[in-house]
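Reader: I am new to this structure. Please take me through one part of it closely.

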Amino acid sequence: MNIGDKVRLLRAKGEGIVSRFLPGNMVEIEIEDGFRIPVMRSELVPVSPLEAEKLLRKSTFEPQKPTAPSASSILANQGIYLAFVAVNDREYSLYLVNNTDWDFPYALGEESAAPTGGVQFRGLFAGMLKARAHQKMNDLYTHATFENWPTFVVQGLWFRAGKSTLRAPLVKRFKARAATFFKNKTTVPVLNQPGFISQLDAEGAEPAQPATPSSNRPRPHTIRPDELKAEMLKPKNDPDAIAVDRPSSVVDLHTEALLPKGTGNRGPADLLKLQLDTFEKALENAVASGMSEITFIHGVGSGALRTELHKRLGQHAHVRFFEDAQKQKFGYGATKVSLK
């Protein structure tokens, strides 16, 4: 199940489009008239494209009239992905995947440091990617040169015949990072093959900045965690150094600390997702920057946040151990994490 997939409710009458994944094994789906509701994943079943097509067909005894898509019909508005599918144990093929109900005129290229300084752009492909379709690119990208992979740039428009809401063009840059790239292996939507994916049109996603010039780096034969960590810890005046956000050794996950201007209309599920996303980012940066320990203040409350943090910490490869932090310093709602 992916963003943009059509699903049917098991215990109720109706269908919808997957718009977001929520904590607690919940899925947000968009039903008719643009309403979005949270549903347990176990209460949903995917609707195959062939089944959806059959359901929309009229009786063969009725005259067939071409109809333009209705603006009020349920549409999958999200689901543009870059996907890297392994050709063998050393090489990956690049795909652009459209798991939406919109046609997607696109241009794809890559940015990299120019030999003479500055940034150069190289166009790779341009064309029309139909709804629920994918396009394979010719270039192969090798595991050994992962650190030198370029910044991929995707520019696209949204098109549907007939009346529809005007949508802003998509411009997205993607730079593969070892700390997160290899965690996203899944079944690629539409293509239905295992691969590493990055969703380009996710809500709230910040576009990556254009590639910046850097000196030529040696090409490693393999990516090893100890080498990656040493590379990230180089002094700032080293032209080959990789910039890493070094988090504070104490991270406050209270909603009033994360949203000082108030929570607005955010519900409990949205607030919990914000807290968990902040936790994941701070923990990832702490590992990448070589910190030995970090403390998370989560409060007492119902214990749901603490339970989820401890569950994720117990499964993290770079966590040595974790324990309740000093009560005299942080009270009863904090966890200290020792990192490897």
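How much space lies in the largest cavity, and what surrounds that space?

Author: This is a predicted model. The largest cavity holds about 50 Å³ of space. The structure has 1 cavity of 30 Å³ or more. Rolling a probe the size of a water molecule over the atoms shows where empty space is left.

Now the lining. From the early part of the sequence come Gly4, Ile17, Val18, Ser19, Glu30 and Arg36. Leu75, Ala76, Asn77 and Gln78 line the cavity as well. By class, the lining has 4 nonpolar, 4 polar and 2 charged residues.

One strand gives the most. Strand β2, residues 15-22, supplies 3 residues to the lining. Its neighbour is strand β3, residues 26-30. The two run antiparallel, joined by 5 bridges. One bridge involves the lining directly: Ile17 has Glu30 in β3 as its partner. Both Ile17 and Glu30 line the cavity.

Step back to the sheet. It is open and has 5 strands, in the order β4-β3-β2-β1-β5. The pairing is antiparallel. Strands β4 (36-40) and β5 (44-46) are the edges, and each pairs on one side only. From one strand to the next, the twist averages 50°.

Last, confidence. The mean pLDDT of the protein chain is 79, and 79% of its residues reach 70 or more. Among the elements, strand β11 (residues 151-156) has the highest mean, 94. Helix α1 (residues 49-56) has the lowest, 54. Over residues 55-62 the pLDDT is below 50. Beyond near neighbours in sequence, that stretch has 4 contacts in the model.

Methods:
Residues are numbered from 1 along each chain as its sequence is written. This is a predicted model: local features need pLDDT of at least 70, side-chain atom pairs count only at pLDDT 80 or more; totals for chains, interfaces and linings use all residues. Side-chain values use heavy atoms; hydrogens and water are left out. pLDDT is the predictor's confidence in each residue, from 0 to 100. Helices (H or I, at least four residues) and strands (E, at least two) are DSSP runs, numbered from the N terminus. Contact means heavy atoms within 4.5 Å. On a 1 Å grid over the protein atoms alone, a cavity is a set of points where a 1.4 Å probe fits but cannot get out, and a pocket is an open set with protein on both sides within 12 Å along at least five of seven lines; lining residues have an atom within 4 Å of a point. Grid points are joined across faces, edges and corners, and a volume is the space filled by probe spheres set on the points. Ala, Val, Leu, Ile, Met, Phe, Trp, Tyr, Cys and Pro count as nonpolar, Asp, Glu, Lys and Arg as charged, and the others, Gly among them, as polar. Two strands pair if DSSP finds at least two bridges between them. Axes are lines fitted to C-alpha atoms, for helices over the stretch in contact, and angles run from 0 to 180 degrees between N-to-C directions.
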